[in-house]
Structure formats: C-alpha cells, structure tokens
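Let's take a walk through this structure together. Have the sequence and the 3D view ready, and we'll go step by step.

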Amino acid sequence: VAKAEVEVTDEEVSAELVKEQEKNAREITVEDRAVVDGDIVNIDYCGKQDGVAFEGGTAEGQTLVIGSHSFIEGFEEQVIGHNIGEEFDINVTFPEQYHSPELAGKPAVFTIKLNGIKTKELPVIDDDFAQDVSEFDTLDEMKADIKAKLLVKAEKAAQTDKENAVMDKVIENAEMDIP
C-alpha cells in the first residue's frame with residue numbers, strides 16, 4: 001500500500017484565513033435601510049396553518065442570518081426588503097420530509113415583526129490582522145504557520161488512510177477455518 005503524497009495549496013491557506021476573518025467579524029447595527037441578503041435580523045414570528053397557530057411555530061427575539069437557509073425554504077428570502085418595526089406576513093410550504101408529519105408538505109403563513117438588523121463587518125486580512133489574531137507580526141508569517149499546520153494535519157490523515165488500507169488488504173487476504 002502506497003502512502004499518498006500530501007501538499008497544501010494556497011487556496012487551502014486562504015480558506016483558513018477566511019475562517020479566521022469570519023471569527024473576528026464585528027456585528028454593526030443597521031437602522032437606515034431594509035434587510036438585504038447576508039444581514040443578521042432579530043424577529044418575532046407566529047406561524048399559522050389554516051389560521052391556527054401550530055406548536056413550535058412561534059418565537060420572540062429570534063436571530064436569523066438571511067441566506068443561511070436555516071429556516072424553511074422561501075422564509076428568509078421574504079424577509080429581504082423589509083424595515084425595522086415592520087410587521088408582515090410571509091407564505092411558505094413545509095418540505096415533504098419535515099420532522100413534524102402534521103406540517104409536512106403543507107402551506108403556512110408566518111406573521112413577522114422585524115425588531116432589528118445587523119450586518120457583519122469583516123476585518124481586512126493584512127499585517128495588522130495577523131498581529132491582532134495571532135502571535136505573528138506579518139501576514140506572511142501567519143500564512144507560513146497555517147500552511148505548516150495544514151501540512152501536519154494532511155500527513156496525519158494520509159498516514160491514517162494508509163493504515164486503514166493496510167488493514168483492508170489484510171482482511172481481504174485473510175483465511176480462517178471456522179470449526
């Protein structure tokens with residue numbers, strides 16, 4: 001069994017930097033515009049089916065990232081364009097494979113009150129960023145460290161894959177007499 005050659009690409013290093021950038025993002029309160037994709041909204045909602053509120057369909061002060069697809073399909077898109085303080089209805093259809101059988105595949109109306117809007121402000125990835133989030137003075141030093149850590153991780157994964165492949169070959173070629 002041959003061990004796989006490992007390498008770490010610049011794209012993988014950049015992806016790690018973006019993760020660190022996301023972790024260090026600030027939330028800025030927005031008051032002068034409507035909701036756009038990517039905003040973080042605070043909403044109250046009450047879901048009804050045939051005019052009757054259903055269990056688990058009501059919440060106050062719920063935080064929702066628009067575009068995260070963490071709510072029912074079509075829900076988040078209908079919040080876009082609304083302003084703080086606005087109350088409005090949105091129409092959705094629960095998916096066929098929904099965890100609550102009495103709601104699966106059925107339409108519902110959610111009455112929404114938009115309490116607040118925030119947006120994420122990402123820090124610029126530069127030497128100052130590297131100094132703020134790591135023990136390094138420059139971005140290049142931080143990138144080199146990320147690359148080294150990713151390489152160690154990739155080598156461990158390659159070693160584990162090799163060991164698993166060896167065990168698979170041993171099992172494949174093993175013969176046993178069962179009494």
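When we speak of helices and strands here, we mean DSSP runs, with at least four residues for a helix and at least two for a strand, numbered from the N terminus. Keep in mind, too, that this is a predicted model.

Let's begin with helix α1, which covers residues 10-23. Two of its residues, E16 and K19, sit 3 residues apart, or about one turn of the helix. They form a salt bridge, and their closest N and O atoms are 3.2 Å apart. Is E16 buried or exposed? Neither, quite: because its relative accessibility is 28%, E16 counts as partly exposed.

How many salt bridges does the structure hold? There are 6, so let's look at a couple that reach further along the chain. E22 forms one with K120, and here the closest N and O atoms are 3.0 Å apart. This pair links distant parts of the chain: E22 belongs to helix α1 and K120 to strand β5 (residues 107-121), with their positions 98 residues apart in the numbering. E22 has a relative accessible area of 37%, so it is partly exposed. K120 is partly exposed as well, at 41% relative accessibility.

Now move one step along to E121. Its side chain meets that of R26 in a salt bridge, at 3.2 Å from N to O. Once again distant parts of the chain are linked, as E121 is in strand β5 and R26 in strand β1 (residues 26-30), 95 residues apart. E121 counts as partly exposed because its relative accessibility is 41%.

Just beyond is L122, in the loop between β5 and α3 (127-133). With 38% relative accessibility, L122 is another partly exposed residue. What does L122 touch, if we leave aside its neighbours within four places in sequence? Its contacts are Q21, E22 and A25. You met E22 a moment ago, as the salt-bridge partner of K120. For a sense of scale, compare the position of L122 with that of G47: they are 75 residues apart along the chain, and their C-alpha atoms are separated by 34 Å.

G47 takes us to a pair of strands. Strand β2 (residues 40-49) and strand β3 (residues 52-65) pair in the antiparallel sense over 8 bridges. If you find Y45, you'll see it standing opposite A59 in β3. The two strands form a hairpin with 2 residues between them, and in that turn D50 has a positive phi of about 55 degrees.

Time for the aromatic rings. A pair of rings is described by how far apart the centres are and by the angle of the planes. The structure has 9 aromatic pairs. One of them is F54 with F94, an edge-to-face pair at 5.6 Å centre to centre and 80 degrees between the planes. F54 is in strand β3, whereas F94 lies 40 residues away in the loop between β4 (87-93) and β5, so the pair links distant parts of the chain. Both F54 and F94 are buried.

F94 has another partner, F110. This pair is tilted, at 6.5 Å centre to centre with 50 degrees between the planes. It too links distant parts of the chain, from F94 in the loop between β4 and β5 to F110 in strand β5, 16 residues apart. Why does F94 count as buried? Because its relative accessible area is 2%, and buried means under 20%. F110 is buried too, with a relative accessible area of 4%. Step back, and you'll find ring pairs linking Y45, F54, F71, F75, F94, Y98 and F110 into a cluster. Y45 is the residue we saw opposite A59.

Finally, let's go to the start of the chain. K3 is in the segment before α1, and it is partly exposed, with a relative accessible area of 39%. K3 and Q159 are 156 residues apart along the chain, yet their C-alpha atoms are separated by 6.9 Å. Setting aside neighbours within four places in sequence, K3 is in contact with E155, A158, Q159 and K162.

One last stop: V1, V166 and V170 make a nonpolar surface patch of about 230 Å². V170 is found in helix α4 (residues 139-173), and it counts as partly exposed at 48% relative accessibility.

How values were computed:
Residues numbered from 1 in each chain as written. Predicted model: local features only at pLDDT ≥ 70, side-chain atom pairs only at ≥ 80, totals over all residues. Heavy atoms only, no water. Pairing = 2+ DSSP bridges. Salt bridge = Lys/Arg side-chain N within 4 Å of Asp/Glu carboxyl O. Buried < 20%, exposed > 50% of the residue type's maximum accessible area, 1.4 Å probe, protein only. Patch = residues over 30% accessible without salt bridge, like charges linked within 9 Å, V, L, I, M, F, W, Y side chains within 5 Å. Areas by Shrake-Rupley, 256 points an atom, 1.4 Å probe, with all protein chains shown as cover. Phe/Tyr/Trp six-rings, centres within 6.5 Å; stacked < 30°, edge-to-face > 60°. Contact = heavy atoms within 4.5 Å.
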